Amino acid sequence: MRTFEFALVYGGVFAIGWPAIFGVRTRRGIVAVLLLALFVMHWRIEGTRWQMIPIYGAALGMAIGDILAVERDLDWTRRLARGIFGTASLAIAVLLPVALPVPKLPVPSGTLQIGTLTTEIVEAETQEIYGPSPGSLRKINVQVWYPASDTTGLEPAVWSEDWDVVAPALSKNLGFPGWFFGHTKYVKSHAYPGAPIAGGSYPIVIYSHGWTGFRTVAINQIESLVSNGYIVIAADHTYGAIATVFPDGEVAYLDPAALPNESEVGKEAYDTAARQLIDMFAGDIVATLDALDSGEDGPFRFVAPSADLTRIGVYGHSAGGGAAIEVCLRDERCDAVLGMDAWVEPFSNSILALVPTRPAMFLRSDDWRGTENDGLLSGIAGTNTDAVTYWIGIDGAGHNDFVVTPLFSPIAHRLGLKGPIPSGRIIPIIDRYLVGFFDVALLGTGSASIDTPSFDEVSVEVIPPSS
């Protein structure tokens with residue numbers, strides 16, 4: 001809970017406790033003014049949210065009671081009842097905002113400040129196959145984060161610039177009312193839009209989200225990489241993202257037909273759709289690389305000259321992880337690849353026949369280990385001819401632990417949204433291996449931090465080149 005949310009609860013404790021302890025109400029109006037003042041400060045400084053409605057109701061009731069109550073003295077039975085039932089009611093009211101807090105992003109592990117820029121890329125040679133206008137040129141919304149030199153006087157961005165559209169779409173996709181995730185609009189990132197880029201040249205890491213994801217779905221990972229000296233780029237995979245808002249205000253929502261239900265269309269049609277989806281995600285990554293090649297005159301403007309195009313890594317989650325692997329099997333510009341529960345089952349035989357030659361790391365959750373997909377991924381890991389592959393399992397991790405989900409609720413595991421591993425544990429584990437891998441693969445630093453397990457939940461197999 002946030003500062004003034006706690007203050008409002010403490011105000012309620014005071015309103016309940018004073019008469020219960022001393023047997024007399026405070027002077028008329030004191031409690032009402034206190035609760036009103038705390039609510040106004042909470043509303044104006046932090047913003048209201050639906051999870052606090054029971055507390056708002058309790059505060060309103062106590063304020064009205066303070067004004068209207070004629071009898072200021074309480075006998076011992078009323079004092080006891082007020083203390084027991086009032087405290088119990090307030091405790092119950094607190095459960096909801098505690099269970100669904102306004103998430104707080106972890107402080108990035110590096111020391112560098114972070115700037116950010118959002119732009120659009122039109123894929124001049126790719127026709128759109130999804131959405132209401134197939135045949136038009138495909139376009140993607142892209143955000144870049146970079147080390148910043150000075151953020152003085154700037155306000156940090158919210159973690160998703162498009163959250164007024166993305167939040168309702170995500171809520172409905174998960175079976176909740178559209179307003180369910182509205183409170184997360186208050187989550188501030190550590191990135192400052194328009195901040196000047198710090199001097200120097202930085203390796204590039206491109207992130208690819210999974211099916212129904214969005215470009216900031218792993219914002220904590222992105223910020224960690226940037227704070228340690230990387231430029232990170234992530235796109236909304238149009239019609240594969242839960243929602244995309246373009247600079248002109250056009251909105252493209254998830255196209256369910258892009259990955260239909262196998263039980264409704266049959267295995268052959270589903271497999272074809274899955275292959276097309278991974279190929280399209282991979283094409284978006286390639287389009288991002290092409291845009292980088294166009295330099296300062298391209299969409300990345302003042303960031304492009306600081307991008308070291310000789311050191312490029314790609315990583316992704318689920319379908320985005322599969323796309324990252326496909327790109328690094330086919331595109332010579334990729335120097336390292338990391339997949340988090342990478343979905344490779346849709347790969348065609350021609351893709352599976354390609355020989356991996358780049359340093360690779362595959363992080364796998366309990367949900368995906370031992371599956372047919374895991375077997376295919378193991379085959380890719382074992383055939384790398386030129387570089388080391390890190391094969392890593394994380395006990396207790398669920399598929400959604402590889403995105404921002406662990407920060408949404410302390411009971412996310414009980415809601416079936418993540419694995420049983422605590423949020424405070426999984427986030428530093430992913431941070432260690434994500435940053436550590438790209439440090440080794442792109443910067444050539446020592447590999448001691450990732451060669452051997454540093455956490456009891458983690459198993460690490462270092463697979464040497466096959467020839």
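Okay, let's start with one residue, tryptophan 163, which sits in helix H5, residues 163-173. Before going on: this is a predicted model, so keep that in mind throughout.

Is tryptophan 163 buried or exposed? Buried, because its relative accessible area is 4%, and the cut-off for buried is under 20%. Setting aside neighbours within four places in sequence, tryptophan 163 is in contact with Pro168, Leu170, Phe181, Thr184, Lys185 and Phe214. And for a sense of distance, take proline 464: it is 301 residues away from tryptophan 163 along the chain, and their C-alpha atoms are 43 Å apart.

Now let's zoom out. The chain has 467 residues, and 54% of them count as buried. There are 13 helices and 12 strands. If you measure the C-alpha trace along its principal axes, you get a span of about 85 × 50 × 45 Å. And here's one about contacts: among those with a separation of 6 or more, 77% are between residues 24 or more positions apart.

Let's pick out a helix. H4 covers residues 76-99, so that's 24 residues by the numbering. From first C-alpha to last, H4 reaches 35 Å, close to the 34 Å expected at 1.5 Å a residue. Which residues of H4 are buried? They are Gly86, Leu90, Ala93, Val94, Pro97 and Ala99. The cover over those buried residues includes helix H1, residues 3-22, and helix H3, residues 53-68.

On to the strands. Strand S2, residues 137-148, has 11 of its 12 residues buried, so the rest of the structure largely encloses it. On one pairing, S2 runs antiparallel to strand S1, residues 113-127, and 12 bridges join them. S2 also pairs with strand S5, residues 231-236, again antiparallel, over five bridges. A handy residue to click on here is tryptophan 145 in S2, which stands opposite threonine 116. Over in S5, the bridge partner of tryptophan 145 is valine 232.

Next, the nonpolar cores. As background, nonpolar side chains in soluble globular proteins tend to be buried together. In this model the largest nonpolar core has 63 residues, and the members that touch the most others are Tyr315, Tyr433 and Phe438. Which element gives the largest share of this core? That's helix H12, residues 423-443, with 11 residues. Apart from that core lies another, of 62 residues, among them Ala198, Phe281, Cys328 and Trp391.

Let me stay with tyrosine 433 for a second. Not counting residues up to four places away in sequence, tyrosine 433 touches a whole list of residues, including Leu338, Met361, Leu363, Ile392, Phe455, Val458 and Val460. Also on that list are Ser449, Ile450, Thr452, Pro453 and Ser454.

What about empty space inside? The structure holds seven cavities of 30 Å³ or more. The largest has a volume of about 90 Å³. Its lining is made of 13 residues, and Leu329, Val337, Pro356, Arg358 and Ala360 lie nearest the centre. Helix H9 (319-330), strand S10 (360-364) and helix H11 (372-381) are the elements that give two or more residues to that lining. H9 provides the largest share, three residues.

Another residue to look at is asparagine 220, in helix H6, residues 219-227. Asparagine 220 counts as buried, because its relative accessibility is 11%. Leaving aside neighbours within four places in sequence, asparagine 220 is in contact with Pro106, Val404 and Ile427.

Last stop, backbone angles. Most residues other than glycine have a negative phi. Arginine 301 has a positive phi, near 45°. Where is arginine 301? In the loop between helix H8, residues 267-293, and strand S8, residues 307-317. Arginine 301 counts as partly exposed, because its relative accessibility is 39%.

Aspartate 341 has a positive phi as well, near 45°. You'll find aspartate 341 in the loop between strand S9, residues 336-340, and helix H10, residues 349-352. Aspartate 341, though, is buried, with a relative accessible area of 1%.

That's the tour, so have a look around the model yourselves.

Notes:
Residues numbered from 1 in each chain as written. Predicted model: local features only at pLDDT ≥ 70, side-chain atom pairs only at ≥ 80, totals over all residues. Heavy atoms only, no water. Helix = DSSP H or I, 4+ residues; strand = E, 2+ residues; numbered from the N terminus. Expected span 1.5 Å × (residues − 1). Buried < 20%, exposed > 50% of the residue type's maximum accessible area, 1.4 Å probe, protein only. Contact = heavy atoms within 4.5 Å. Core = buried A, V, L, I, M, F, W, Y, C linked by side-chain atoms within 4.5 Å. Pairing = 2+ DSSP bridges. 1 Å grid on protein atoms, 1.4 Å probe; cavity = no way out; pocket = protein on both sides within 12 Å on 5 of 7 lines; lining within 4 Å. Points joined across faces, edges and corners; volume = space filled by probe spheres on them.
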